[in-house]
Amino acid sequence: MDQVKIGKFISKCRKKENLTQTQLAEKLNITNRAVSKWETGKSMPDTSIMLELCDILCISVNELLSGEEINMENNNRKNEQLLLDMAKELEKKNKIIWSSMWAIMIVSMTALFAGFLVAAFLIPEGVWQLVTIIGICVFFLIPCFYALKLEVSVGAYKCKNCGHEIVPTYSEALYAMHMGTTRYLKCPKCNRRTWCRKVLNK
């Protein structure tokens with residue numbers, strides 16, 4: 001989706017309805033700065049107000065997301081293109097989240113091993129060495145919990161038995177046995193526990 005094009009279209013439709021940015025903002029219970037950001041292509045309207053915005057501007061959601069007026073002949077083609085664009089954007093965001101998750105894990109593992117080396121060679125044996133090791137382990141767990149949250153937020157886990165794609169809750173993923181990003185989960189379709197491989201296409 002072209003945010004700049006959509007922004008210009010919002011501005012055009014707003015002016016066509018004889019509304020100022022402030023008046024449009026008041027109707028939507030938002031700030032006029034938000035409307036200004038839409039119209040300059042810096043941000044997109046939130047999905048929670050998109051339908052209301054379209055009603056005010058007398059356009060369809062399809063037209064809003066396309067950034068242009070659509071006649072009936074081109075409607076189906078535009079719908080297909082919009083779905084493809086949205087799928088591509090979702091895939092791109094999923095890849096960014098996935099890369100971030102691995103970056104957090106790699107940095108955390110490196111810091112963990114570096115911390116253990118420091119504790120082993122630079123801190124004398126005794127209570128302070130033990131406290132340091134425990135502290136390192138605690139700090140290592142914090143980014144691990146966040147990395148798991150990122151892992152669960154994208155894609156799904158594919159059941160090895162029936163192929164069903166499972167989207168577990170955070171706690172289900174947390175307490176499941178795992179090897180890397182493959183987790184031992186109960187499939188709601190075949191009702192069996194199996195090793196489920198992570199897939200990003202959901």
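Me: Hi! What pattern does the protein chain follow, read along the sequence?
Reply: Along the sequence the pattern is α-α-α-α-α-α-α-β-β-α-β-β-β, where helices (H or I, at least four residues) and strands (E, at least two) are DSSP runs numbered from the N terminus. This is a predicted model, in which local features need pLDDT of at least 70, side-chain atom pairs count only at pLDDT 80 or more, and totals for chains, interfaces and linings use all residues. Residues are numbered from 1 along each chain as its sequence is written, and side-chain values use heavy atoms, with hydrogens and water left out.

Me: Thanks! Is the chain compact or spread out?
Reply: The protein chain is more spread out than a compact globule, because its radius of gyration is 25 Å, well over the 17 Å that the globule rule gives for 202 residues. That radius is taken over C-alpha atoms, and the rule is 2.2 Å times the number of residues to the power 0.38. The C-alpha trace spans about 75 × 45 × 25 Å along its principal axes.

Me: And how much of the protein chain counts as buried?
Reply: Of the 202 residues, 32% count as buried (under 20% relative accessible area, 1.4 Å probe, protein chains only).

Me: New topic: at what angle do α2 and α4 pack?
Reply: Helix α2 (residues 21-28) and helix α4 (residues 47-57) pack at about 130°, with their axes 10 Å apart. Axes are lines fitted to C-alpha atoms over the stretch in contact, and angles run from 0 to 180 degrees between N-to-C directions.

Me: Which residues make the contact?
Reply: Leu-24, Lys-27 and Leu-28 of α2 meet Ile-49, Glu-52, Leu-53, Ile-56 and Leu-57 of α4, with contact meaning heavy atoms within 4.5 Å.

Key
Buried means under 20% relative accessible area, exposed over 50%, partly exposed in between (1.4 Å probe, protein chains only).
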